[in-house]
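Biologist: I would like to learn how to read a few features of a structure with you. Could we take them one at a time, with the general idea before each case?

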Amino acid sequence: MIALPVSELAELGTLETAAEEITGVQVDSRRILPGDLFVAIGPGAAFLSDARGRGAAATLVPDDAHAALAWIGGLVRDRSGAQFVAITGSMGKTTTKDILAALCRPHARTVAAESSYNNEIGVPLTLCRVEPDTEICVLELAMRGFGQIAELCSFSRPGIGVITSIGPVHLEKVGTIEGVRRAKTELLDALPPGGTAIVPADLPVARDDLTVVRVGEDVRLEGFELRGDGAVVATSLGSIEVNFSMRHLAENVVYALAAYRALGLPLDRAAEGASAIAFADWRNQELPLPGGGLLINDAWNANPVSMRAALEHLRERAAGRRTVAVLGEMAELGDYSGEAHREVGRAIEELGIDVVVSVGPQAQAYGGSWVAGADQAAGLLRDLLRPGDCVLVKGARALALEGIADELANLPA
């Protein structure tokens, strides 16, 4: 991290210091390294002594935790000469972030958000990993309501903004798809004059002082060919071989390549980092199962569009083997929830999924064998699974279906 004088933090809350500057920021005392600032959020005040014992340069009990983190992240941002890219979208933002970071790293010193560090805590923590020699910082921005992306942009100040998609997510907070569009495009409103907006072809952009790149129009996906456990993704910006087989992620490669080009990196060398693409936990992970089976662990979250895409991928990867879908209910869909769950049920029937385990009250619309929670699903699967099965695990984050995936991944061969 770009070092900050502790004196600049004095007005943020109760500050105790052991050094004159900080060289990192953490909100988990277990991650403290010498020189770090520990910011005690909520019950974190109980771990001040632990942080000091691990070598914290300072500890802060903030008056307003989110405002304090934004202030500190903003200080680092102000002192950095890096290029900042912010990625949001109803689907694909984390995957696009992971792809872009991998493509950039062979050519520039790159910092990217860990996992889904994308909110009022995660974005400042990402900024606080920026070093004096960092050249590119890739941020992920979450949206749970109006104004959140605008607030994140107020201190992160990206020069390149990527919106991967507009779809039916967080409808309980923003009401309609139009509300999603309005909330996501706060990112475009925040870009500086001369900035670059990379957006879906059908997304209106009101500003004429931005360079607008439309995916599906200015840059395009031209082909996807499976090759072993990976694939070749052909785009109008060139073809690259990637280390994943999910056809529905191919367009994320186009968004990443468009951002890579906007950063001024060499397109003819974009493929150099593709073999190092690594997705965050519980997203698009494929692991072997006994008897030649396959586990697709995509348990992080779900909406009707991503559910259908995952089911199509399950069928493609099964290649004639029995398909088993462990599907949790979907959350935060507001008045659309009932129809959204019925859409997934229709997709299951249309795609001919062999075995379905539905988890959670609203998931009864999927059909198959219904259980109330993850523990019951795990027990049911012990009786249902056969050697050679291809299994998809996907559902709302609150269901914690990754526990099922972890149990399946540890089955003896």
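Biologist: Let's start with Ala400: is Ala400 buried, partly exposed or exposed?

Modeller: Keep in mind that this is a predicted model. Relative accessibility between 20% and 50% is read as partly exposed. Ala400 has a value of 33%, so Ala400 counts as partly exposed. As for its place in the chain, Ala400 sits in the loop between strand E21 (390-394) and helix H13 (402-409).

Biologist: What is the phi of Ala400?

Modeller: The general idea comes first: most residues other than glycine have a negative phi. Ala400 is not a glycine, yet its phi is positive, about 55 degrees.

Biologist: Which phi does Arg157 have, and where does Arg157 lie?

Modeller: Arg157, again not a glycine, has a positive phi of about 45 degrees. The loop between helix H5 (148-156) and strand E10 (160-163) holds Arg157. With a relative accessible area of 37%, Arg157 is partly exposed.

Biologist: On to charged pairs. How many salt bridges does the structure hold?

Modeller: Side chains of opposite charge can pair when their charged atoms come close. Here the structure holds 26 salt bridges. In one of them, the side chains of Arg227 and Glu241 meet at 3.9 Å, N to O. Arg227 belongs to strand E13 (residues 221-227) and Glu241 to strand E15 (residues 238-242), so this pair ties together parts that are 14 residues apart in sequence.

Biologist: Are Arg227 and Glu241 buried, partly exposed or exposed?

Modeller: Arg227 has 40% relative accessibility and counts as partly exposed. Glu241, at 44%, also counts as partly exposed.

Biologist: Which residue forms a salt bridge with Asp229?

Modeller: That is Arg317, with the closest N and O atoms 3.9 Å apart. Arg317 lies in helix H10 (residues 304-318), while Asp229 is in the loop between E13 and strand E14 (230-235), so the pair ties together parts that are 88 residues apart in sequence. Look at the accessibility of each partner too: Arg317 is buried at 15%, whereas Asp229 counts as exposed at 62%.

Biologist: How far apart are the closest N and O atoms in the salt bridge of Glu339 with Arg346?

Modeller: For Glu339 and Arg346 the distance is 2.5 Å. Glu339 counts as partly exposed, at 27% relative accessibility, and Arg346 counts as partly exposed at 43%. Salt bridges can also be read as networks, and one such network links Arg109, Asp133 and Glu135.

Biologist: Now a residue and its surroundings. Where does Ser245 lie, and is Ser245 buried or exposed?

Modeller: Ser245 is found in the loop between E15 and helix H9 (250-262). Its relative accessible area is 1%, so Ser245 is buried. To read the surroundings, set aside the neighbours within four places in sequence: Ser245 is then in contact with Phe224, Leu226, Asp229, Gly230, Glu286, His313 and Arg317. The list includes Asp229 and Arg317, the two residues of the salt bridge we discussed. With Glu286, Ser245 also shares a side-chain polar contact of 3.2 Å.

Biologist: Can we read Arg322 in this way, and which residues does Arg322 touch?

Modeller: Begin with its place: Arg322 lies in the loop between H10 and strand E18 (323-328). Arg322 is buried, with a relative accessible area of 18%. Not counting residues up to four places away in sequence, Arg322 touches Asp354, Val355, Leu384, Leu385, Arg386, Asp389 and Cys390. The side chains of Arg322 and Asp389 make a polar contact of 2.8 Å. The C-alpha atoms of Arg322 and Arg386 are separated by 8.7 Å, with their positions 64 residues apart along the chain.

Biologist: Last, pockets. What volume does the second largest pocket have, and which element gives the most to its lining?

Modeller: A pocket can be read by its volume, then by its lining. The volume of the second largest pocket is about 190 Å³. Strand E4 (residues 24-26) gives the most to the lining, with three residues. Among the lining residues are Arg31, Asp36, Glu114, Tyr117 and Cys128. By class, the lining has five nonpolar, three polar and four charged residues.

Terms used: Residues numbered from 1 in each chain as written. Predicted model: local features only at pLDDT ≥ 70, side-chain atom pairs only at ≥ 80, totals over all residues. Heavy atoms only, no water. 1 Å grid on protein atoms, 1.4 Å probe; cavity = no way out; pocket = protein on both sides within 12 Å on 5 of 7 lines; lining within 4 Å. Points joined across faces, edges and corners; volume = space filled by probe spheres on them. Helix = DSSP H or I, 4+ residues; strand = E, 2+ residues; numbered from the N terminus. Nonpolar A, V, L, I, M, F, W, Y, C, P; charged D, E, K, R; others polar. Salt bridge = Lys/Arg side-chain N within 4 Å of Asp/Glu carboxyl O. Buried < 20%, exposed > 50% of the residue type's maximum accessible area, 1.4 Å probe, protein only. Polar contact = N/O pair within 3.5 Å; in protein donor to acceptor, adjacent residues only side chain to side chain. Contact = heavy atoms within 4.5 Å.
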